[in-house]
Amino acid sequence: MSIPTFDYTDKVQLTEKLSDFLRRASWLQFNYHDYFALSMIVFAKQHGTEFQIDDSYTIFSEASQGMVFYQLLGRPRGKQVVLHAFEEDYNRVLRRLYAQALIASHSTDNTFKLYVTEAGIHLLDWFSTTYIETFANDYLNVNWFDLKLPKQSADEISK
């Protein structure tokens, strides 16, 4: 198995070769659920919600359970805040995105809020032509107080 190398002196050629490599690389798996979850993080604040990682690190030391993500629902003027746990399939997608550094967290007010990294934004742009039509339909039906992944499988959506 050879390790690909790239000449980075010619920026245009590097971009083309990297794009080609990433398109064919088997380790890079990005499906509609990934696109949907990243997009929900991007649009969440407009709908009065944010994403957060459980900050009790004792949870992460247990081998039987992975990172747990929550939806933080805030009411106007901060009068009521509700944490809503995601279903396991949504948590699984968020864990994978976190492990791939497509999302990250920053600490504010003793919480770890999620954001989409630059790499995640680039993948949203890259896959927009593939998924934007399906996403636009799903976006209209999003329940912002109880986010769930759409029912469609990645195979049903792939073009």
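Trainee: Which elements of the chain have the lowest and the highest mean pLDDT?

Mentor: Helix 3 (residues 58–61) has the lowest, 47, and helix 2 the highest, 96; pLDDT is the predictor's confidence in each residue, from 0 to 100. Over residues 58–63 the pLDDT is below 50, and beyond near neighbours in sequence this stretch has nine contacts in the model (heavy atoms within 4.5 Å). The chain averages 81, with 78% of the residues scoring at least 70. This is a predicted model: local features need pLDDT of at least 70, side-chain atom pairs count only at pLDDT 80 or more, and totals for chains, interfaces and linings use all residues. Residues are numbered from 1 along each chain as its sequence is written, and side-chain values use heavy atoms, with hydrogens and water left out.

Trainee: What makes a stretch of residues a helix or a strand?

Mentor: Helices (H or I, at least four residues) and strands (E, at least two) are DSSP runs, numbered from the N terminus.

Trainee: Why is helix 2 called roughly perpendicular to helix 5?

Mentor: The axes of helix 2 (residues 32–44) and helix 5 (residues 118–140) come within 9 Å and cross at roughly 95 degrees. Axes are lines fitted to C-alpha atoms, for helices over the stretch in contact, and angles run from 0 to 180 degrees between N-to-C directions. Under 35 degrees counts as roughly parallel, over 145 as roughly antiparallel, 65 to 115 as roughly perpendicular and the rest as oblique. The crossing angle therefore makes the two helices roughly perpendicular.

Trainee: Which residues make that contact?

Mentor: Among them are Tyr35, Phe36 and Met40 of helix 2, and Leu124, Phe127 and Tyr131 of helix 5.

Trainee: How do you know that strand 4 and strand 5 pair?

Mentor: Pairing needs at least two bridges found by DSSP. Strand 4 (residues 103–108) and strand 5 (residues 111–116) have six, in the antiparallel sense. Ile103 has Val116 as its bridge partner. The two strands form a hairpin with two residues between them, and Asp109 in the turn has a positive phi of about 50 degrees.

Trainee: Why is strand 2 described as largely enclosed?

Mentor: Buried means under 20% relative accessible area, exposed over 50%, partly exposed in between (1.4 Å probe, protein chains only). Five of the six residues of strand 2 (residues 69–74) are buried, so the rest of the structure largely encloses this strand. Strand 2 also pairs with strand 1 (residues 49–53) in the antiparallel sense over five bridges, where Gln52 stands opposite Tyr70.

Trainee: Why is Ala101 called partly exposed?

Mentor: Ala101 has a relative accessible area of 44%, and is therefore partly exposed. Ala101 lies in the loop between helix 4 (88–99) and strand 4.
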